Amino acid sequence: MNDQSSYRQELTGVFGYPVDENPTVVMMEAAFRALDLPWRYLNMKVRPEDLSAGIKGLRAMGFQGVNLTIPHKCAVLEHLDEVAADARIMGAVNTVHRRHDSLIGANTDGKGFLRALSDDGGLNPAGKRFMILGAGGAARAITVELALAGAAELIIVNRDESRGRELVALLQANSAVQVSYQPWIENLIVPENTDVLVNATSIGLYPQIDERPSLDYASIRTGLVVCDVIPNPPRTRFLEAASARGAITLDGLGMLVYQGAIAFKLWTGKEAPVDVMKAALAAEFARP
Ligand code: NDP
């Protein structure tokens with residue numbers, strides 16, 4: 001028995017469809033164990049048409065919270081009692097937590113990125129210039145947080161122009177950041193005054209495919225901070241190439257752990273054991 005008076009466990013997890021291969025369970029369960037908390041994290045396969053019933057189920061069963069992944073991040077907003085201001089700007093929630101009987105939506109993806117920048121890169125985004133590759137969900141979360149954190153300039157580069165321009169418009173409407181769209185031309189040059197370059201596309205997700213974002217790698221200067229959102233493998237071909245140019249690199253594993261650590265704190269009220277979480281995920285990713 002956990003505390004000699006109860007066999008009950010606090011429940012958390014993730015709603016997704018598909019969800020079988022989502023590895024967050026590994027780091028969350030490792031964190032619960034490390035802090036000796038009687039908490040569990042479950043991967044729950046919830047079809048899009050069952051989201052409303054799923055949220056009702058969470059309320060009925062007293063879940064402490066859940067993560068949302070594809071395809072629920074946007075659709076979940078209408079089922080919540082409150083949504084944090086940054087998540088409302090993004091139009092996407094990846095973490096729900098409970099306050100008494102209310103379910104509150106947050107988005108920890110961009111905040112996880114900011115924490116990786118500060119804690120692992122020693123970099124405060126205020127006043128810095130960023131070039132972001134991508135305009136999907138990850139790019140949206142990252143750029144909204146950067147804009148709210150006082151970044152001086154964001155250059156959005158995306159293959160699909162209308163999606164890129166849509167993100168620029170969103171950022172202009174909701175922040176004072178200087179932001180522009182740059183078409184993804186061949187031999188894309190990273191401007192010399194750039195402080196941070198971010199791959200926020202899904203390029204590199206499949207390590208068996210030899211691919212990295214197409215750009216002029218000679219324009220990556222020594223000391224440039226280069227980040228990738230791809231968590232597995234942590235050392236992507238993109239980061240290898242940037243590192244070979246003398247860049248300081250931050251991987252997507254760090255971002256994944258930190259966004260989970262922020263969710264962990266929202267749920268449990270406790271600081272997450274990030275080293276334990278990172279080691280658990282790294283071991284999982286290294287499995288043959
Ligand atoms: P989306 O599908 O919303 O967006 C994908 C983005 O990648 C789009 O900008 C798309 O461009 C671009 N893209 C995909 N393939 C190519 C290509 N061949 N050439 C150029 N651009 C391409 O996905 P998400 O933003 O939700 O996720 C992106 C990645 O981020 C995923 O791999 C995910 O695992 C990772 N991620 C990591 C997190 C972490 O904590 N480390 C958190 C969240 C996500 P276009 O618009 O032109 O199609």
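**Notes on a predicted model with a ligand**

1. Let's start with one residue: Asp36 is exposed, at 69% relative accessible area. Here "exposed" is over 50% relative accessible area, "buried" is under 20%, and "partly exposed" is in between, using a 1.4 Å probe and protein chains only. Asp36 sits in the loop between helix 1 and strand 2 (39-45). Helices (H or I, at least four residues) and strands (E, at least two) are DSSP runs, numbered from the N terminus.

2. Before going on, some ground rules. This is a predicted model, in which local features need pLDDT of at least 70 and side-chain atom pairs count only at pLDDT 80 or more, while totals for chains, interfaces and linings use all residues. Residues are numbered from 1 along each chain as its sequence is written, and side-chain values use heavy atoms, with hydrogens and water left out.

3. Back to the backbone of Asp36: its phi is near 55 degrees, a positive value in a residue other than glycine. Asn187 also has a phi near 55 degrees, again positive and again not a glycine; Asn187 belongs to the loop between strand 9 (178-183) and strand 10. For background, most residues other than glycine have a negative phi, and most peptide bonds are trans.

4. Where do the cis peptide bonds to Pro18 and Pro71 sit? The bond from Tyr17 to Pro18 is cis, with omega near 15 degrees, and Pro18 falls in the loop between strand 1 (10-16) and helix 1 (24-34). Ile70 and Pro71 are likewise joined by a cis bond, with omega about 5 degrees, and Pro71 is in the loop between strand 3 and strand 4.

5. Now the ligand. There are 21 residues around it, and Ala138, Asn158, Arg159, Asp160 and Val229 come nearest; to be near, a residue needs one of its heavy atoms within 4 Å. By type, this shell has 9 nonpolar, 8 polar and 4 charged residues. In that count Ala, Val, Leu, Ile, Met, Phe, Trp, Tyr, Cys and Pro are nonpolar, Asp, Glu, Lys and Arg are charged, and the others, Gly among them, are polar.

6. Which backbone atoms lie 3.0 Å from a ligand oxygen? One is a backbone N or O atom of Ala135, and another is a polar backbone atom of Gly137. A polar backbone atom of Leu256 is 3.3 Å from a ligand oxygen. The ligand exposes 930 Å² when taken alone, and the protein buries 75% of that. Helix 5 (137-148) and helix 8 (252-268) are the elements giving two or more residues to the shell. Helix 8 gives the most, with 4 residues.

7. On to charges: the whole structure holds 19 salt bridges, each a side-chain nitrogen of Lys or Arg within 4 Å of a carboxyl oxygen of Asp or Glu. One of them pairs Arg59 with Asp81 at 2.9 Å, N to O. Arg59 lies in helix 2 (residues 51-61) and Asp81 in the loop between strand 3 (65-68) and strand 4 (82-83), so this bridge ties together parts 22 residues apart in sequence. Both partners are partly exposed, Arg59 at 30% and Asp81 at 41%.

8. Arg129 and Glu153 form another salt bridge, with their closest N and O atoms 2.8 Å apart. This one links distant parts of the chain, from strand 7 (residues 129-133) to strand 8 (residues 153-158), 24 residues apart. Is each partner buried or partly exposed? Arg129 is partly exposed at 30%, whereas Glu153 is buried at 13%.

9. Glu271 and Lys265 make a salt bridge too, at 2.8 Å, N to O. Glu271 is exposed at 52%, while Lys265 is partly exposed at 37%. Elsewhere, Arg47, Glu49 and Asp50 are joined into one network by salt bridges that share partners.

10. Two more side chains to look up. Thr95 is in strand 5 (residues 95-99) and is buried, with 0% relative accessible area. The Thr95 side chain makes a polar contact with the side chain of Asn67, at 3.2 Å. Such a contact is a pair of N or O atoms within 3.5 Å; within protein, one must be able to donate a hydrogen and the other to accept it, and residues adjacent in sequence count only if both atoms are side-chain atoms.

11. Last, Asp120 is found in helix 4 (residues 109-121) and is partly exposed at 38%. The C-alpha atoms of Asp120 and Met61 are 38 Å apart, with the two positions 59 residues apart along the chain counted as their separation.

Notes. Areas by Shrake-Rupley, 256 points an atom, 1.4 Å probe, with all protein chains shown as cover.
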